[in-house]
Amino acid sequence: WEIKGNGCPSSEELFWKLDALQCFIRDLHWPDEVFAKHLEQRLKLMACDMVESCVTRTLQAFQQLQRKSKWNTTDYIVPSEMCAMINVVLEARIQSLKLCTVDGADVHQYHSKIDGLVDGTLQEMQTGLIAKLTSMLEVTLGKLSRYDEGSLLAPILSLTYRQGMSSSGKEVGQQYVNSVRNSMEQLRQKVSDELWVLALFEQWYAAQMSLLCSWLSERLDHGLHSIQLSALLHIARKLYSDFELQGIEEEKLNSKVYQTVCSRLQLEEAAASVSDANSREKDDSETSKRGKSLRFKSAMSGLPGDGD
C-alpha cells in the first residue's frame with residue numbers, strides 16, 4: 001500500500017485499464033447502434049463492479065490495519081498505508097464519474113451506487129481513525145488519573161516528581177501534543193483531498209475536547225493535582241492553536257465544550273495560585289518565628305549567669 005499518483009499502484013493500474021478498454025471499444029465505432037449501446041452498458045456495469053470491489057477491499061484492508069496497529073502510545077503516527085487507502089477511495093469517486101457514466105450523465109445509476117458506497121466507506125474510515133487517534137488522549141489521561149485525590153499511587157508519584165524522578169505535567173502534555181502534530185502533518189502531506197482532511201480535523205478536535213470535558217466532569221468533587229493541571233492547560237492551549245493553524249473555523253474551535261474546559265482549568269489555576277500564596281505565607285511565618293526564636297536564644301546566651 002505505497003502511495004502512487006492519487007492512490008496506490010494497484011488502483012492506478014485498475015483505473016487506467018478500465019478507461020483504456022472503454023476508449024478502445026468506443027473508438028471502434030460499431031455500425032450497429034443497438035449493439036454498440038449494449039456493449040457500452042456492459043462496460044459501464046463491469047467498471048461499476050470493479051470499482052465497487054476495489055472500494056470494499058480497501059475498507060477491509062484499512063480495518064485490518066487498524067486492528068494490527070498499536071495505538072496505546074503517544075509515539076504513534078498514522079501509517080502512510082492508511083493514507084494511501086484513503087486516497088484510493090477518494091480517487092474511486094472521481095474515476096467512477098468517468099467510468100460509470102455516459103457523457104457525464106448517470107444513465108444507468110452506476111455512478112450513484114459508487115458515490116453512496118464511497119460516502120459510507122469514507123465515513124467509516126473517518127470514524128475509525130478518530131476513535132483510534134482519540135485513544136492516545138485516553139492513554140495520557142489514564143496516566144494523569146494516577147494523581148487523583150485518594151489514589152494509592154498519588155503520594156508516591158508526587159514524591160518522585162518532587163525528587164525529579166518523573167515527568168512534569170507540562171512534559172506529559174507536550175508528549176501528547178507532539179503525537180498530535182506528527183499525525184496531523186502525516187495526514188496533510190499524504191492524503192490528497194484537503195477538504196476531507198479538514199473535516200477529519202474538525203471531528204478530531206471536537207472529540208478531544210469532549211473527552212477532556214468528560215474527564216474533568218468526573219472530578220468535579222475534588223481539585224486537580226498540580227501535574228494534572230499543568231498537563232491539561234498545556235494540552236488545551238496547544239490543541240486550540242495547532243488546529244487553528246490547520247484552518248479550523250473560530251466558532252468550531254471556541255465551542256461551548258472548549259469554553260467549559262477552559263473555565264474549569266482557569267478555576268483550578270486560580271485555586272492553585274491561592275493555595276501557593278497561602279503556603280508561602282505560612283512558610284514565611286514559620287521562618288520568621290524560627291528567626292525570632294534563634295535571636296532570643298542568642299540574646300539569652302549572652303546574658304551573665306547567676307554565678308557572675
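Which helix gives the most to the nonpolar patch? The answer is H2, with 3 residues. This is a predicted model, in which local features need pLDDT of at least 70 and side-chain atom pairs count only at pLDDT 80 or more, while totals for chains, interfaces and linings use all residues. Residues are numbered from 1 along each chain as its sequence is written, and side-chain values use heavy atoms, with hydrogens and water left out.

The nonpolar patch covers about 630 Å² of surface and consists of Leu21, Phe24, Leu28, Trp30, Phe35, Met46 and Met50. Two or more of its residues come from each of helix H1 (9-27) and helix H2 (33-68). Patch residues have over 30% relative accessible area and no salt bridge (a side-chain nitrogen of Lys or Arg within 4 Å of a carboxyl oxygen of Asp or Glu); nonpolar side chains are joined within 5 Å, like charges within 9 Å. Areas come from the Shrake-Rupley method with a 1.4 Å probe. Leucine 21, in helix H1, has a relative accessible area of 33%, so this residue is partly exposed (buried is under 20%, exposed over 50%, partly exposed in between).

A patch of negative charge is formed on the surface by Glu244, Glu249, Glu250 and Glu251. Glutamate 251 belongs to helix H9 (residues 250-253) and counts as exposed because its relative accessibility is 60%.

Turn now to the interior. The largest nonpolar core (buried nonpolar residues joined through side-chain atoms within 4.5 Å) has 71 residues, of which Leu187, Leu232, Phe243 and Leu265 touch the most other members. H4 supplies the largest share of this core, 12 residues.

Note on methods
Lys and Arg count as positive and Asp and Glu as negative; His and the chain ends are not counted. The place of a charge is taken as NZ of Lys, CZ of Arg, CG of Asp or CD of Glu. Helices (H or I, at least four residues) and strands (E, at least two) are DSSP runs, numbered from the N terminus. Buried means under 20% relative accessible area, exposed over 50%, partly exposed in between (1.4 Å probe, protein chains only).
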